[in-house]
Amino acid sequence: MRPNPSALLLDMDGVLFHGERALPGARALIEGLAATPHVFVTNNPIRTPEEIARGFAAIGLPAPEPGLILTSALATARWLDHVKPGFRYFAVGAGGLEVALREVGTPDAKAADVVVVGEGPGLDYETLTTGINLILTRGARLVGTNPDATVDAYRDGQHLVLPGGGSLVAPFTIATGVTPTIVGKPEPLLYEMALERLDCPANRCLMIGDRPDTDILGAERLGMWTALVRTGRFPPGCPPPKGLRGPDLDCDGLPELMGVLAARFPGLLAAAA
């Protein structure tokens with residue numbers, strides 16, 4: 001029997017907010033985390049933790065300390081710094097990825113050790129050509145920040161589906177035949193870094209997410225507790241993808257989840273105690 005969870009990992013977009021709109025229960029959940037060890041984790045490498053924290057405040061949510069936010073860009077940079085200190089890189093993606101990599105590595109479009117592909121603008125014919133040649137002629141390693149084929153976005157109240165990291169790294173894979181190392185969920189690296197921050201074993205941590213194929217699957221593989229909220233791509237009544245065991249907790253939204261946590265794990269959240 002697993003021990004009850006004493007710490008939490010939380011996905012953000014689709015769980016706490018949709019774009020610039022906070023979801024019901026998000027404020028109460030964040031306020032309830034005050035005395036509970038927690039880390040906010042996201043596969044989205046586009047924004048820095050500081051930018052994400054400002055985004056919380058802009059939509060009326062309590063802003064977490066940036067040190068409590070772990071993005072796939074940060075996890076990628078720290079993993080590369082561990083496996084190859086002083087690495088040189090060629091990055092394809094938005095600003096948050098470049099900021100994270102520059103803190104521990106050196107940009108080098110001619111002799112990079114690694115080609116790192118994230119999400120957001122940046123992929124075009126020239127960057128694809130540069131990356132392919134670094135991999136084929138220089139032996140550069142191919143790394144993707146996250147495997148999501150698509151991601152959800154919300155603009156002017158409209159829901160959009162955008163290409164995710166998996167779609168953007170795919171052209172490099174096809175052109176070179178090289179399989180990328182993936183850092184983000186459901187792969188273990190991002191979870192392991194978050195658990196290290198918490199100084200918590202996997203079986204004492206609860207992952208709250210909205211995607212069974214990334215958030216829940218990856219946490220499940222590590223033996224974590226899992227809670228699916230039906231506020232993202234998988235609304236109430238939508239079956240999870242085939243082959244997944246399913247979460248420990250399955251709730252339509254955060255208010256229901258907080259009630260379940262109060263009954264099943266009293267005291268885990270102050271607001272649900």
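## A tour starting from Asp199

Select Asp199, which is found in the loop between helix H7 and strand S13 (205-209). The model on screen is a predicted one. Asp199 comes after H7 and has a positive phi, near 55°, although Asp199 is not a glycine. With 71% relative accessibility, and a cut-off of over 50% for exposed residues, Asp199 counts as exposed.

Step back along the chain and select helix H7, residues 188-198, then show its side chains. The buried residues in this helix are Leu189, Leu190, Tyr191, Met193, Ala194, Leu195 and Leu198. Continue to Pro186, which sits in the loop that runs between strand S12 (181-182) and H7. Zoom in on the backbone here, where the peptide bond between Lys185 and Pro186 is cis, with an omega of about 10°.

Keep Lys185 and Pro186 displayed and add Thr214, a residue of helix H8. Leaving out residues up to four places away in sequence, Thr214 touches both Lys185 and Pro186, and also Asn43, Asp148 and Tyr191. The contact with Tyr191 leads back to H7, where Tyr191 is one of the buried residues. Is Thr214 itself buried or exposed? Thr214 has a relative accessible area of 6%, and because the cut-off for buried residues is under 20%, Thr214 counts as buried.

Now widen the selection to the whole of H8, residues 212-221, a helix that is mostly covered, with eight of its ten residues buried. Those buried residues are Pro212, Thr214, Asp215, Ile216, Leu217, Gly218, Ala219 and Glu220. To see what lies over them, display H7, S13 and strand S14 (225-229), which are included in the cover of the buried residues of H8. Just beyond the helix, select Gly223, which follows H8 and has a positive phi, near 85°.

Next, hide the side chains and bring up the strands. Five of them form an open sheet with parallel pairing, and the order to follow across it is S7-S6-S8-S9-S12. Strand S7 (106-107) and S12 stand at the edges, and each has a single partner strand, so one side of each is left without a neighbour in the sheet. Within this sheet, select strand S8 (residues 114-117) together with strand S9 (residues 141-144), two parallel strands that are joined by four bridges. A convenient pair to label is Val114 and Arg141, since Arg141 in S9 is the residue that Val114 stands opposite. Then add helix H5 (residues 125-138), which lies across strand S6 (88-92), S8 and S9, and runs at about 145° to S6.

From the sheet, move to Val178, in the loop between helix H6 (165-176) and S12. Once neighbours within four places in sequence are left aside, Val178 is in contact with Ile135, Leu142 and Thr173. At 28% relative accessibility, Val178 counts as partly exposed. If you draw a distance from the C-alpha atom of Val178 to that of Pro239, which is 61 residues away along the chain, the separation is 33 Å.

The last stops are two pockets. For the largest pocket, whose volume is about 1,200 Å³, select Asp13, Gly19, Asn44, Asp152 and Ala153, which lie nearest its centre among the 40 residues of the lining. The elements that give two or more residues to this lining are strand S2 (17-18), helix H2 (49-58), strand S10 (150-155), strand S11 (158-163) and H8. Which of the elements gives the most to the lining of the largest pocket? That element is S10, with five residues. Colour the lining of the largest pocket by residue class, and it divides into 14 nonpolar, twelve polar and 14 charged residues.

The second largest pocket has a volume of about 160 Å³, and 16 residues line it, of which Pro49, Glu50, Leu74, Arg78 and Glu103 are the closest to its centre. To frame this pocket, select H2, strand S5 (69-71), helix H3 (72-83) and helix H4 (95-102), each of which supplies at least two residues of its lining. By class, the lining of the second largest pocket comprises seven nonpolar, four polar and five charged residues. With both pockets displayed, H2 is worth selecting once more, as an element that gives two or more residues to the lining of the largest pocket and at least two to that of the second largest.

Definitions and conventions. Residues are numbered from 1 along each chain as its sequence is written. This is a predicted model: local features need pLDDT of at least 70, side-chain atom pairs count only at pLDDT 80 or more; totals for chains, interfaces and linings use all residues. Side-chain values use heavy atoms; hydrogens and water are left out. Buried means under 20% relative accessible area, exposed over 50%, partly exposed in between (1.4 Å probe, protein chains only). Two strands pair if DSSP finds at least two bridges between them. Contact means heavy atoms within 4.5 Å. Axes are lines fitted to C-alpha atoms, for helices over the stretch in contact, and angles run from 0 to 180 degrees between N-to-C directions. On a 1 Å grid over the protein atoms alone, a cavity is a set of points where a 1.4 Å probe fits but cannot get out, and a pocket is an open set with protein on both sides within 12 Å along at least five of seven lines; lining residues have an atom within 4 Å of a point. Grid points are joined across faces, edges and corners, and a volume is the space filled by probe spheres set on the points. Ala, Val, Leu, Ile, Met, Phe, Trp, Tyr, Cys and Pro count as nonpolar, Asp, Glu, Lys and Arg as charged, and the others, Gly among them, as polar.
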